[in-house]
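Work through these exercises with the structure open. Each task is followed by a worked solution.

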Amino acid sequence: MTNLRALKSGTDVRGKALGEQATLTGDIAARIGGAFVEWLKERGIDNPRIALGRDSRLTGEMLLEACANGCRLAGAQVECYGMCTTPAMYMSLITEGFACDGAIMLTASHHPFDRNGLKFFTKEGGIDSAELDEILTIAESDAPLTGGGIPIQNRDFLPVYCEQLKDRVRQGLDTDIQKPLLGLHVVVDAGNGAGGFYANMLEELGAWVEGSQFLEPDGHFPNHIPNPENEDAMASICQAVKKAEADLGVIFDADCDRAAIVDHNGREINRNRLIALISAILLEKKSGLTIVTDSVTSSGLARFIQEWGGEHYRYKRGYRNVIDEAIRLNEAGIDCPLAIETSGHAALRENHFLDDGMYLVTVLICEAMKLKQEGKELSSLIADLKEPKESAEIRLAILAEDFRAAGRAAIEKVMDHAAFAPGWHIAPDNREGVRISFDLDGEMDNGWFLLRLSVHDPVLPLNLESDVEGGVQYMASALLKVLSAAEGIDLANLEAFIKNGEDK
């Protein structure tokens, strides 16, 4: 029996796909593709139609061909879309004339060029972790892939997806003219991933895209990691926007489910700023909305959303977690149009709660165009966002064999201490790990830390923010005293952080 569990990463399959130590091979991709077909059959779909796409990775063509063949041998009708984006693969399932029963995207998102992976969709959306377990159980059975002689069909879906985005631009600007973006200058950075076509699409809508960069797909990712959170990637797009004197810049990860933007001054708008910006756009149209984010968002963001007339709802890290919670809130009668992580995963209710970085950027470009026509700038919407003076993230390795139990015990130790310690306040919206706020320098609620278990790894990530100088150092030192007696937790990184602060 083949062990495939090591390839599971949340709701995706992911592994090294290049070189002698490759763990995600063509044979494995074929077996998992076939298992997806069998899983759909078990759910009552007798003759599944499966769509497949890939990003620009070096192993993309090989793995797509192998996976498609595995689906075919399992009895599916297979359509290959070639180079595509992850959000487009889902949209193909609900688009007239395509509408397959399931879709598989070959991508490893922002990870190194030698990695690759598989993401799975049904018409209900991305599969969850438990459903992936079921698929991998089928794949591990090592049952032979037999039957299925229907030839694989090659089709092109990206032009259709582009038209959907163009329609969103015209809808957002309330016009049916051919070039509604005339006068707007946008620099696009695709990081040599799958999203380079977006610059051409904007140009067809009338935008000026001079200065755009790294649009050609190249699986080596030679210019920078395709990741809106990467420091070098953001520095590159910021510089490109300033050099071109553009109105704004946009940057995608390799499969375009995440994005960030840059204002005309070359200031990056990602993480809390990005959340604040799209929240302001939504709340300007309707107050009283609930915005679901992950747990590491700042206190300044919470105040910003409240001042704009909304409710900030923090939830667990993991883009599927925030999306599922937003859907649950809507079903419970709470008006929630947005689920967004600080990483740039953003899902809008108007877009089927699909985490689509390209769709998010399209909404922001519409707003930028409207504001430019009024003589204003997009970044003016977040001028009142208060940002912390200090912030840090420290990762504490868990050495215990049962790392989840050891991590939970450490979190409980902090919770127990906070219940009685003067100046320690357990956050009322504490839904993951333990979030503690502090009253620093005589002010209220102007510093906080969040200690939580990593979604996948034997690690306790620690995030700290302070509105006063020296606050992060103070909170880190206070936490170290509490964790010093925690078993199975490596505190070396926390101790080094504190020492470095003392030496400055």
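Two strands pair if DSSP finds at least two bridges between them. Strand E11 (residues 259–263) and E12 satisfy this with two bridges, in the antiparallel sense. Keep in mind that this is a predicted model.

**Exercise 1. The sheet with E11 and E12**

Task: Find the order of the strands in the open sheet that holds E11 and E12, and name its edge strands.

Solution.
- Step 1. Read the order across the sheet: E9-E10-E11-E12. That makes four strands in an open sheet, and the pairing is mixed.
- Step 2. Look for strands that pair on one side only. These are strand E9 (186–189) and strand E12 (268–269), the edge strands.
- Step 3. Check the register between E11 and E12. Val 262 has Glu 268 in E12 as its bridge partner.
- Step 4. Place the helix. H6 lies across E9 and strand E10 (248–252). Relative to E9, H6 runs at about 160 degrees.

**Exercise 2. Two helices against H11**

Task: Determine how H5 and H11 are oriented, and which residues make their contact.

Solution.
- Step 1. Take the geometry. Helix H5 (residues 158–172) packs on helix H11 (residues 357–373) at about 30 degrees, with the axes 9 Å apart.
- Step 2. Apply the cut-off: angles under 35 degrees count as roughly parallel. H5 and H11 are therefore roughly parallel to each other.
- Step 3. Assign the hand. H5 passes H11 in a right-handed crossing.
- Step 4. List the contact. H5 contributes Tyr 161, Leu 165, Arg 168, Val 169 and Gly 172. They meet Met 358, Tyr 359, Thr 362, Val 363, Cys 366 and Lys 370 in H11.
- Step 5. Sort by class. The contact of H5 with H11 has seven nonpolar, two polar and two charged residues.

Task: Repeat the analysis for H6 and H11.

Solution.
- Step 1. The axes of helix H6 (residues 197–204) and H11 come within 13 Å and cross at roughly 30 degrees.
- Step 2. H6 and H11 are therefore roughly parallel to each other. Their crossing is right-handed.
- Step 3. On the H6 side, the contact is made by Phe 197, Tyr 198 and Leu 202. On the H11 side are Met 358, Val 361, Thr 362 and Ile 365.
- Step 4. By class, the contact of H6 with H11 has six nonpolar residues, one polar residue and no charged residues.

**Exercise 3. Strand E2 and its partners**

Task: Explain why E2 counts as largely enclosed, then trace its pairing.

Solution.
- Step 1. Use the cut-off: buried means under 20% relative accessible area.
- Step 2. Count along E2 (residues 12–16). Four of the five residues are buried, so E2 is largely enclosed by the rest of the structure.
- Step 3. Find the E1 partner. Strand E1 (residues 8–9) runs antiparallel to E2, joined by two bridges. Lys 8 is bridged to Val 13 in E2.
- Step 4. Inspect the link. E1 and E2 form a hairpin with two residues between them. In the turn, Gly 10 has a positive phi of about 70 degrees.
- Step 5. Find the E6 partner. Four bridges pair E2 with strand E6 (residues 115–122) in the antiparallel sense. Val 13 has Leu 118 as its bridge partner in E6, and Gly 15 has Asn 116.

**Exercise 4. Strand E6**

Task: How many residues of E6 are buried, and which strands does E6 pair with besides E2?

Solution.
- Step 1. Seven of the eight residues of E6 are buried, and the strand is mostly covered.
- Step 2. Strand E5 (residues 102–106) joins E6 through five bridges, running antiparallel. Met 105 is bridged to Lys 119 in E6.
- Step 3. Strand E7 (residues 125–126) pairs with E6 over two bridges, again in the antiparallel sense. Here Phe 121 has Gly 126 in E7 as its bridge partner.
- Step 4. E6 and E7 form a hairpin with two residues between them.

**Exercise 5. The five-stranded sheet**

Task: Give the strand order of the open sheet of five strands, then its edges.

Solution.
- Step 1. The order is E18-E22-E21-E20-E19, with antiparallel pairing.
- Step 2. Strand E18 (390–397) and strand E19 (424–426) are the edge strands, since each pairs on one side only.
- Step 3. Neighbouring strands of this sheet are turned by 20 degrees against each other on average, direction ignored.
- Step 4. Strand E21 (residues 447–451) and strand E22 (residues 459–466) run antiparallel, joined by five bridges. Phe 449 stands opposite Leu 464 in E22.

Terms used
Residues are numbered from 1 along each chain as its sequence is written. This is a predicted model: local features need pLDDT of at least 70, side-chain atom pairs count only at pLDDT 80 or more; totals for chains, interfaces and linings use all residues. Side-chain values use heavy atoms; hydrogens and water are left out. Buried means under 20% relative accessible area, exposed over 50%, partly exposed in between (1.4 Å probe, protein chains only). Axes are lines fitted to C-alpha atoms, for helices over the stretch in contact, and angles run from 0 to 180 degrees between N-to-C directions. Angles under 35 degrees count as roughly parallel, over 145 as roughly antiparallel, 65 to 115 as roughly perpendicular and the rest as oblique. A crossing is left-handed if the near helix is turned anticlockwise from the far one by less than a right angle, and right-handed if clockwise. Contact means heavy atoms within 4.5 Å. Ala, Val, Leu, Ile, Met, Phe, Trp, Tyr, Cys and Pro count as nonpolar, Asp, Glu, Lys and Arg as charged, and the others, Gly among them, as polar.
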